[in-house]
Each structure stands twice: as structure tokens, then as C-alpha cells.
Amino acid sequence: QTTTRAFKSVAKVVLSVAQAEGVGAIVRRSIGTHQLRNLDPFLMLDEFTVNPGAGFPDHPHRGFATVTYMLAGSFDHEDFCGHKGRINPGDLQWMTAGRGILHAEMPNPASSETAHGLQLWVNLPAKDKMCAPTYQELPNTDVPRAQSPDGGAVIKVIAGTSYGVPAKVVTNSPILYLDVVLEKDRVFEQVVPAGWTAFVYTLDGGEIDVGCSEVDGGATPTRVGPHNTVVLGAEGDSLMVKAVSKAHFVVIGGQKINEPIVQHGPFVMNTRDEILQAFTDYERGVNGFEGSKKWASKIAA
Ligand SMILES: Nc1ccc(F)c(C(=O)c2c[nH]c3ncc(Cl)cc23)c1F
Ligand SMILES: [Fe+3]
């Protein structure tokens, strides 16, 4: 039978402006600002720009995953269990902090290039919040590529599936995360299940029309330029984007976890008691924070 597509509408557009974060770092915050909260399962999305010497020195995480995707420059990371490495342009690090990670994230000191990328914080279901930490790290060449039938869209499949190409990353709840480069006047279509939280975040480059009139029966398209978060309506199951000029954007979506969220900085749990427990575990160096009391990173020294 023919499947009829219901196109997603645009619920809200928010421009992200630069703000200070970490030590000397600059971020354009998308998800996590007062206008972009309650986008379950997403807790934060930062487009970071970090010059050498600045960065994100030693800090903990519990109860969620951080997804670092480098666009330019390179970042070093080092955690309290001896896991360290370098994230180069196009590389992906999906770090499931679970019960506890203490780490530092700093630009590669050997590079004079500004580090530019995205860090997305994805909440974990209660059953996984105290799981053992895991890393899924893909160099740029290992991130699966897809393209639209006319070749007008080239997609890096970070999570989920696009044009039949599945991601390599395994997630604790259903997530879609695509890096899309769309040529001028070309159309990109993506299935995003109805009921999911979903948004487009535009990067440097051109303008796009979301919810294009030519393909969705007359709804007036919403035109946006760089550094905008375009929140999509929950109804409908098909995202349509048309490039007014060559554009670079990410498409991020996820099934809602629908559990209580209690967040205090880098700890995200379900109850206040669990947050208090996270602070005491971190201070005492127990329950996943073993070794935290006497550890200090070398990269942020
Ligand atoms: N204040 C505060 C509190 C807790 C944190 F975890 C952080 C933090 O590490 C980051 C926040 N945005 C980021 N973008 C990119 C990277 Cl690599 C790291 C961060 C932070 F800045
Ligand atoms: Fe971190």
C-alpha cells in the first residue's frame, strides 16, 4: 500500500548567541537555554569555539551521555581511569558517563587552530544512570555516510538511520543524530517518528527552508540562517528541508524517556536524593567515583 507522509511543522526557532563557558571557552548554547528546555531526552547542546589555553578542565559527569563531534581543530580528553585520546575534525566521541566519569577536555596544545564542534548531552533512562561508563569513539572515516537519491544531500550518520544507512553507535534509547550538507536548491527528507523530540541546528553556511511549501502541501516554510535551533512539532513523521543556499546543519531527534529529571550541573538523576548521593559519592570517591579524590588531569594542568 502507499504510505502517506505527514510532514513535520516548525514549532519554534531560537537563535543561539555566544556565551562564556568552562575556562575561557565560548559556546553558543542551543538546548539548555531558558527558551529550549524540556526537550527530553536532550539536556544540552553547545556549539563550542575554544582557543588554545582555554577549555574544560577536570569535571565530573553522572547519569547521562556526552556526545562530542568535532567540526574543526582537535580536542584532547583524559579521564580518571586512564582513558585518554584526541578527537580530530569529523571525529565522534559518544561517552556514556553512567555512574561516574571525571575528566578534562582541552584543545590539542600542539595545534594553533581554534577547536570548533558540538557537544550534546543525552539523558539516560533510570535503569542505565548507574551503569559502568563506556566510550564509543569513531574517527571521521568510520562515521557512516549516506546521500539523497539526487546526491544533493551528503549525510554523516552519527546515530539512527538515514537513506537506509545505519549508524555504528549503539544508544541506550532511540536517537537520531545526522550531520547534513545540502546543496543549493536541493531537498533533504528524513523520517522522524511522530511523538519524538526533534530539532535542526544550523551551522555556518547558508540558509534553509524547513517544512518546504513545495513538498508539504502549502505550509509556508520557515527560513533560517546559521546558529538557529528549529524545534519541530511532535506530529508528523517526515522532516523536509530545502537549501536556499548551500547549507550545513545537524538533525537531532529522540524518543522521550518520560522520567523525572533532577539536574545539578554535571549530575542528572531522577530524584533530589540521587543528586545529593552523587555529590557525596564524588566528594568521597565512591560508587563509581573511585580514585577521584587524588586524580588530576595532565592535559589541564
Ligand atoms: N560549566 C560546566 C559544567 C559542567 C560541564 F560538564 C561543562 C562542560 O564540560 C561543557 C559544557 N559545554 C561544553 N562543550 C564542549 C565541551 Cl568539550 C565541554 C563542555 C561545563 F562547561
Ligand atoms: Fe565533560
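The structure holds 11 aromatic pairs, and one of them makes a good place to start. The rings of phenylalanine 64 and tryptophan 121 have centres 4.6 Å apart and planes at 35°, so this pair counts as tilted. Please keep in mind that this is a predicted model. From the aromatic rings, the tour below goes on to the ligand, the strands, the cores and a few backbone details.

**Aromatic rings**

- Phenylalanine 64 belongs to strand β6 and tryptophan 121 to strand β11, so their pairing ties together parts that are 57 residues apart in sequence.
- Phenylalanine 64 has a relative accessibility of 0% and therefore counts as buried.
- Tryptophan 121 is buried too, because its relative accessible area is 11%, where the cut-off for buried is under 20%.
- Elsewhere in the sequence, one aromatic cluster is formed by Phe267, Phe279, Tyr282 and Phe289.

**Around ligand 1**

- Tryptophan 121 also turns up among the residues that surround ligand 1.
- The rest of that surrounding set is Glu21, Gly22, Met44, Asp46, Phe48, Phe56, His59, His61, Phe75, Glu105 and Gln119.
- Glutamate 21 places a polar side-chain atom 2.7 Å from a nitrogen atom of ligand 1.
- For aspartate 46, an N or O atom of the side chain is 2.7 Å from a nitrogen atom of the ligand.
- Histidine 59 has a polar side-chain atom 3.1 Å from an oxygen atom of ligand 1.

**Strand β24 and its partners**

- Strand β24 spans residues 247-254 and is mostly covered, with 7 of its 8 residues buried.
- Strand β17 (residues 175-182) runs antiparallel to β24, and 8 bridges join the two.
- Within that pairing, leucine 182 has alanine 247 of β24 as its bridge partner.
- Strand β19 (residues 197-202) is also antiparallel to β24, joined to it by 6 bridges.
- Here alanine 198 stands opposite glycine 253 of β24.

**Nonpolar cores**

- The largest nonpolar core has 27 residues, and those touching the most other members are Phe42, Leu45, Leu92, Trp94, Leu120, Tyr177 and Ile252.
- At least two residues of this core come from each of β4 (42-50), β6 (64-72), β9 (92-96), β11 (115-123), β14 (153-159), β17, β19 and β24.
- Apart from this core lies another one, of 25 residues, whose members include Ala167, Leu178, Leu182 and Ala247.
- Leu182 and Ala247 are the bridge partners met above, linking β17 and β24.
- Leucine 120 shows the larger picture at one residue: setting aside neighbours within four places in sequence, its contacts are Phe42, Met44, Leu45, Ala65, Thr66, Val67, Tyr177 and Ile252.

**Threonine 197**

- Threonine 197 sits in strand β19 and counts as buried because its relative accessibility is 4%.
- A polar atom of the threonine 197 side chain lies 2.5 Å from the backbone oxygen of aspartate 40.
- The side chain of threonine 197 is also joined to that of lysine 256, by a polar contact of 3.0 Å.
- Not counting residues up to four places away in sequence, threonine 197 touches Leu39, Asp40, Pro41, Phe42, Ile252, Gly253, Gly254 and Lys256.

**Backbone details worth a look**

- Aspartate 40 and proline 41, both touched by threonine 197, are linked by a cis peptide bond with omega near 10°.
- Proline 41 is found in the loop between β3 (25-29) and β4.
- Tyrosine 163 has phi near 45°, a positive value in a residue other than glycine.
- The loop that holds tyrosine 163 lies between β15 (161-162) and β16 (165-166), and with a relative accessible area of 31% the residue is partly exposed.
- Asparagine 258 likewise has a positive phi without being glycine, with a value near 60°.
- Asparagine 258 belongs to the loop between β24 and β25 (262-264), and its relative accessible area of 63% makes it exposed.

How values were computed: Residues numbered from 1 in each chain as written. Chains lettered and ligands numbered in written order. Predicted model: local features only at pLDDT ≥ 70, side-chain atom pairs only at ≥ 80, totals over all residues. Heavy atoms only, no water. Buried < 20%, exposed > 50% of the residue type's maximum accessible area, 1.4 Å probe, protein only. Helix = DSSP H or I, 4+ residues; strand = E, 2+ residues; numbered from the N terminus. Pairing = 2+ DSSP bridges. Core = buried A, V, L, I, M, F, W, Y, C linked by side-chain atoms within 4.5 Å. Contact = heavy atoms within 4.5 Å. Polar contact = N/O pair within 3.5 Å; in protein donor to acceptor, adjacent residues only side chain to side chain. Phe/Tyr/Trp six-rings, centres within 6.5 Å; stacked < 30°, edge-to-face > 60°. Near = heavy atom within 4 Å.
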